[in-house]
Amino acid sequence: MRFNAKGHTKRTALPWLGATLAAVALLAACGGGGSGEGLDANGRPLSEGEDPSGPLLPNFRSIQSHVFTPRCTGCHAGATAPRGLRLDATNSYALLVGVSAGQVPALKRVAPGDPDNSYLIQKLEGHAGVGARMPLGGPYLDAASVNTIRQWIKNGAVQ
Ligand code: HEC
């Protein structure tokens with residue numbers, strides 16, 4: 001005679017269904033607070049300069065948000081940025097203005113007051129001494145946009 005010492009007692013865990021089906025309709029009222037967050041005193045986004053939906057203007061913030069950030073940082077960002085030229089909002093100004101071009105060290109990337117001798121302009125217009133026109137592979141900036149950047153440089157390339 002076999003004796004099963006273990007005595008399998010099947011545990012039928014009865015789920016207490018429906019005991020507490022209280023409607024937990026927590027429609028957290030996500031208020032509209034926080035407007036103005038991330039904006040400067042003039043209502044501009046702090047991160048990238050001004051509203052990119054507006055026109056390109058001959059000032060650094062506008063050029064950053066309309067050109068450098070959307071058109072250049074796909075390549076010119078981080079440790080692998082070509083020629084060490086990072087064009088994200090945090091780094092672009094310091095790496096452009098008054099800095100010698102890697103490809104043609106006799107020229108500044110941006111020479112304040114002198115757009116013709118600014119390597120940035122030569123690269124954008126496609127007549128630089130070395131390498132390809134920027135943005136590499138296109139589409140390239142139209143003449144009006146390049147002229148606006150020229151104007152910023154002519155005015156002293158202030159930040
Ligand atoms: C698809 C990748 C790519 C994009 C997008 C791109 N670049 Fe470049 N850039 C390069 C490469 C690669 C080089 C180096 C080779 C060459 O010049 O052809 C370079 C070189 C440069 C140089 C020369 C830097 C030096 O000091 O010698 C400048 C200036 C420049 N780019 C500006 C720009 C600007 C401004 C934009 C956006 C309007 C842009 N690039 C967009 C890939 C890119």
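# A tour from helix 1 to the ligand

Start with helix 1, which is mostly covered: ten of its 13 residues are buried. The model you have open is predicted.

**Select helix 1, residues 60-72.** Colour the buried positions: Phe60, Ser62, Ile63, Gln64, Ser65, His66, Val67, Phe68, Thr69 and Cys72. They include an unbroken run from Ser62 to Thr69. Next, check the length of the helix. A straight helix of 13 residues would span 18 Å, at 1.5 Å a residue. Helix 1 spans only 15 Å between its end C-alpha atoms.

**Add helix 2 (92-96) and helix 4 (143-154).** What do the buried residues of helix 1 pack against? Their partners are these two elements, helix 2 and helix 4.

**Now show the ligand and its shell.** The shell holds 23 residues. Pick out Cys72, Cys75, Pro82, Gly102 and Gly131, which come nearest. Two elements give two or more residues each: helix 1 and helix 3 (119-125). Which one has the largest share? Helix 3 does, with four residues. Cys72 links two stops on this tour: it is buried in helix 1 and is among the residues that come nearest to the ligand.

**Colour the shell by class.** You should see 13 nonpolar, six polar and four charged residues.

**Zoom out to the whole protein chain.** There are four helices and zero strands. From the N terminus on, the order is α-α-α-α. Of the chain's 159 residues, 25% count as buried. Finally, turn to the contacts with a separation of 6 or more: 37% of them join residues 24 or more positions apart.

Notes:
Residues numbered from 1 in each chain as written. Predicted model: local features only at pLDDT ≥ 70, side-chain atom pairs only at ≥ 80, totals over all residues. Near = placed C-beta within 6 Å. Nonpolar A, V, L, I, M, F, W, Y, C, P; charged D, E, K, R; others polar. Expected span 1.5 Å × (residues − 1). Buried ≥ 20, exposed ≤ 12 C-beta atoms within 10 Å, placed from the backbone. Contact = placed C-beta atoms within 7 Å.
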